[in-house]
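Ready for a couple of warm-up exercises? Have a look at the picture first, then work through the steps.

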Protein chains: 2
Amino acid sequence: MTTPIEKLRRRLAELVDLASLEMLASWDQLVMMPGEGASERGHVLGTLARITHERGTAQEIGDWLGELEGSELGELDSDIVRLARRDWERARRVPADLAAELSEAHADGQEAWRIARGEDDFKLFAPALARNIELARAYADCHLDNGGSPYQALLEDFDFGLRAEELGTLFGSLSEQLSPLVAEARGRGPVREPAVPAEVQQRTVAATLRRIGVDEGSWRVDVSAHPFTAWMGPRDTRVTTRYDDGGIESLLSSLHEYGHALYERQVDPALQRTNLGSGTSMSIHESQSKLWENHVARHPAFTGVLASELARAGFDLAPAELHRALVAVEPSLIRVSADPLTYPLHIVLRFELERALIEGDLAVGDLPGAWRDGIRRLLGIEVPSDALGCLQDIHWGGGSFGYFPSYAVGCLIAAQLWETMELQIGPRDAALALGEVAEIQDWLAQRVHRHGRRLDTIPLVEQATGSSLQIEPFIRFVSPFVSV
Amino acid sequence: MTTPIEKLRRRLAELVDLASLEMLASWDQLVMMPGEGASERGHVLGTLARITHERGTAQEIGDWLGELEGSELGELDSDIVRLARRDWERARRVPADLAAELSEAHADGQEAWRIARGEDDFKLFAPALARNIELARAYADCHLDNGGSPYQALLEDFDFGLRAEELGTLFGSLSEQLSPLVAEARGRGPVREPAVPAEVQQRTVAATLRRIGVDEGSWRVDVSAHPFTAWMGPRDTRVTTRYDDGGIESLLSSLHEYGHALYERQVDPALQRTNLGSGTSMSIHESQSKLWENHVARHPAFTGVLASELARAGFDLAPAELHRALVAVEPSLIRVSADPLTYPLHIVLRFELERALIEGDLAVGDLPGAWRDGIRRLLGIEVPSDALGCLQDIHWGGGSFGYFPSYAVGCLIAAQLWETMELQIGPRDAALALGEVAEIQDWLAQRVHRHGRRLDTIPLVEQATGSSLQIEPFIRFVSPFVSV
């Protein structure tokens with residue numbers, strides 16, 4: 001006879017497999033698929049989403065949970081049941097019709113956004129954005145019976161337990177403390193990026209990743225239009241990057257994706273094939289990518305490793321010069337190419353605006369103006385066009401509201417974890433100068449990765465660092481950059 | 001309100017999507033996946049198979065079919081219902097326990113086969129083979145309530161409507177008529193393969209495929225240990241081949257895989273996302289690959305195209321010499337590298353032996369001896385070891401009985417189709433000398449491809465060629481090879 005916990009675990013393992021298939025199909029679409037396969041792939045992903053939803057929201061799961069919640073369970077099974085209850089209830093609250101409408105609106109919205117950005121004409125995007133906002137509110141309504149604001153409900157899809165109120169306060173202090181640094185940076189001239197050929201970048205990235213454990217037995221490194229990470233189980237990890245002639249972005253973005261990948265690979269094996277066996281939230285995930293991008297790749301000691309790999313690939317550059325380029329601060333218009341100091345300010349603006357849009361405090365038609373005002377206030381520069389302003393990101397076109405904050409929260413947590421780690425195991429300078437990262441990997445595995453979804457964002461930060469979410473470590477990290 | 005035909009079509013479309021996912025996951029496993037991802041991929045494929053089986057055998061499908069079978073339907077919907085009934089009943093006849101046991105035994109059997117072949121020790125494989133045979137009989141028993149032999153039931157999984165009795169007669173005549181040709185070939189010296197470097201083969205294959213319509217918009221060409229074809233919808237086709245230094249196998253195998261691919265791409269678009277929208281049987285599929293391998297790639301006129309592409313890739317070879325290598329006949333031990341004339345005799349032997357094993361006329365322990373006798377009788381050569389004898393193919397280790405015949409039947413149908421086509425649209429020599437294949441593609445689309453699964457093997461052959469399955473066209477095709 002199969003016990004309820006066995007039935008539940010079997011279903012959860014099945015949902016892990018379906019998620020793995022979804023990741024494979026999406027990875028393939030972005031990396032391997034011939035272009036004309038797109039419409040068929042859309043059907044396949046739609047079917048997969050429908051089946052996953054059906055099996056993840058089935059009434060029988062509630063029945064098993066009902067039986068289990070009254071019974072004696074071990075520590076691990078208790079956590080499995082606790083998260084299964086949360087996921088099941090959240091998923092069931094959204095009616096199938098609304099889910100279908102959301103998915104259609106998001107596809108339409110991305111298309112409208114693409115056209116509007118191409119034409120630099122916000123009016124072409126406004127109706128789709130208005131529809132996405134309306135549907136996001138309807139979606140939020142499904143989760144409001146415990147009170148809270150609509151934006152709060154959306155946030156919890158990405159970061160359970162994070163409070164919009166507290167984020168508002170935190171981001172307020174962050175922009176206040178960054179403000180004088182931004183002003184100082186504006187007074188300095190621009191730093192030119194070294195013009196590294198694409199092919200040299202590719203060899204440098206491959207060699208650097210190999211040094212920190214990326215082997216062919218359980219990794220792939222590919223090229224895609226936008227860098228991302230996919231994992232089909234803990235021993236099949238796939239990172240992508242892009243190599244544009246004449247820049248060094250791939251050196252940072254490959255380490256960034258490595259951070260996401262390492263997180264998923266180091267979850268406690270006992271949690272695999274359960275609902276606890278993956279990263280716990282968007283902001284913890286982003287903290288892991290930012291830790292490797294900001295605190296390893298931009299570390300002055302590790303710059304020596306990067307410079308030596310560049311040299312081996314045929315491009316000579318003094319480590320100090322490379323480091324200067326990697327940490328150069330210059331207020332700019334585009335988030336994805338922003339420097340490490342001003343990057344979170346781009347997020348603060350998006351958070352303010354999307355929260356106001358969802359809560360009804362900002363009309364869609366007023367968005368472009370509010371964007372210009374915000375960039376002027378936070379970065380002190382003028383926005384010449386909506387394509388370089390409120391039309392630059394795909395997120396709102398695709399109906400993602402509440403996702404942006406994790407990018408900034410990730411920066412903060414990364415800095416806080418790094419400081420804690422160096423306090424506990426000593427400064428990393430000597431090891432990083434040799435390209436040695438095993439102790440960093442181990443510390444992260446113990447303090448962050450192994451927990452999987454057993455701890456939510458804030459409890460995880462508190463347990464790993466001994467204090468609540470803070471902005472000071474990040475300020476301490478970026479302050480020196482204005483005088484490099 | 002959703003009508004029964006809408007419900008049925010929706011479910012069938014879903015099954016198409018699940019099959020597409022299965023193909024993607026298998027293609028990825030063989031072409032892209034890092035090796036250590038294998039065990040997780042096993043879980044994923046198992047889950048996918050279970051869900052597909054569950055949704056393909058659900059009682060509700062029977063209910064919809066019951067309603068539809070009494071009602072007025074268009075020609076297309078009638079065929080959809082007819083095939084849905086057949087597939088549903090065949091799938092439901094196999095109990096879940098037996099399906100699970102089969103799948104486990106096949107995985108074990110492949111592993112045992114791998115070890116036994118490596119050690120050249122049949123005894124290490126015999127127990128697994130015996131278990132596979134026993135389970136294959138149990139599986140066949142599920143389909144026997146209409147009478148027929150166990151082997152017949154197995155055959156129908158791959159080629160519905162093909163009769164084991166008739167195959168026996170056909171293969172008997174085939175080996176009789178090939179026998180004097182084989183004897184003649186044995187009297188001639190061996191023909192040496194031109195030693196084309198792997199890199200030259202790769203460029204030649206790419207250029208040749210490009211000339212016959214393989215473009216990046218809807219195709220991929222990759223490398224794998226064994227050449228195969230996968231399709232994720234009609235505009236996402238993926239062929240693989242391998243490039244071993246010093247041979248020309250890739251020139252033939254890439255055209256072979258192209259034939260499989262073209263079949264799936266040219267099914268009538270009206271059948272897409274239904275149960276009729278793919279190739280109808282293994283032997284028709286193999287006829288399409290063999291048509292391009294035997295009748296195009298080995299055509300003396302097309303050899304000029306191949307030679308010119310080889311020259312462009314830096315390898316000079318006279319067309320006549322290339323042609324001689326492509327059609328050289330020499331009885332040999334290994335099926336996959338057999339010449340076009342003796343190839344079907346390898347299949348005749350496997351058919352005789354697997355039929356006898358299943359029907360209880362041959363004991364597992366007697367297989368190695370029966371194999372040696374058969375090779376001596378059919379090809380006139382001695383088998384020095386079981387690794388080069390009855391352990392050479394993976395099929396029986398994986399529990400595939402009834403699959404082999406399609407390889408030979410495909411050769412016969414290809415020759416029969418080619419003769420019919422040349423009678424109808426004229427000899428292809430002039431067009432093939434220029435690398436022009438559009439008329440061949442069109443003829444195949446009209447006569448074979450567009451039907452999808454609407455016609456089974458034999459009715460399709462009869463409708464396309466005006467006569468029943470014959471061996472004479474194949475004999476006429478291969479006879480000249482012994483004197484090239």
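**Exercise 1: a helix and its neighbour**

Find what the buried residues of H5(A) pack against, and list those residues.

Step 1. The buried residues of H5(A) pack against helix H6 (126-141) of chain A, packing being contact, with heavy atoms within 4.5 Å. Helices here are DSSP runs of H or I with at least four residues, strands are runs of E with at least two, and both are numbered from the N terminus.

Step 2. Buried means under 20% relative accessible area (1.4 Å probe, protein chains only). In H5(A) that picks out A:Leu98, A:Leu102, A:Ala105, A:His106, A:Gly109, A:Ala112, A:Trp113 and A:Ala116.

Step 3. Just past the end of H5(A), look for A:Asp120, with its positive phi of about 50 degrees.

A note on the model: it's predicted, so local features need pLDDT of at least 70 and side-chain atom pairs 80 or more, while totals for chains, interfaces and linings use all residues. Residues count from 1 along each chain as written, chains are lettered from A and ligands numbered from 1 in written order, and side-chain values use heavy atoms, without hydrogens and water.

**Exercise 2: where the chains meet**

Work out how many residues and salt bridges join in between chain A and chain B.

Step 1. Each side counts separately: 37 residues from chain A and 37 residues from chain B.

Step 2. A salt bridge puts a side-chain nitrogen of Lys or Arg within 4 Å of a carboxyl oxygen of Asp or Glu. There are 10 salt bridges between the two chains. One of them pairs A:Arg55 with B:Glu54, with the closest N and O atoms 3.1 Å apart.

Step 3. On chain A's side, helix H1 (4-31), helix H2 (38-56) and strand E1 (219-223) each give two or more residues.

How values were computed. Buried < 20%, exposed > 50% of the residue type's maximum accessible area, 1.4 Å probe, protein only.
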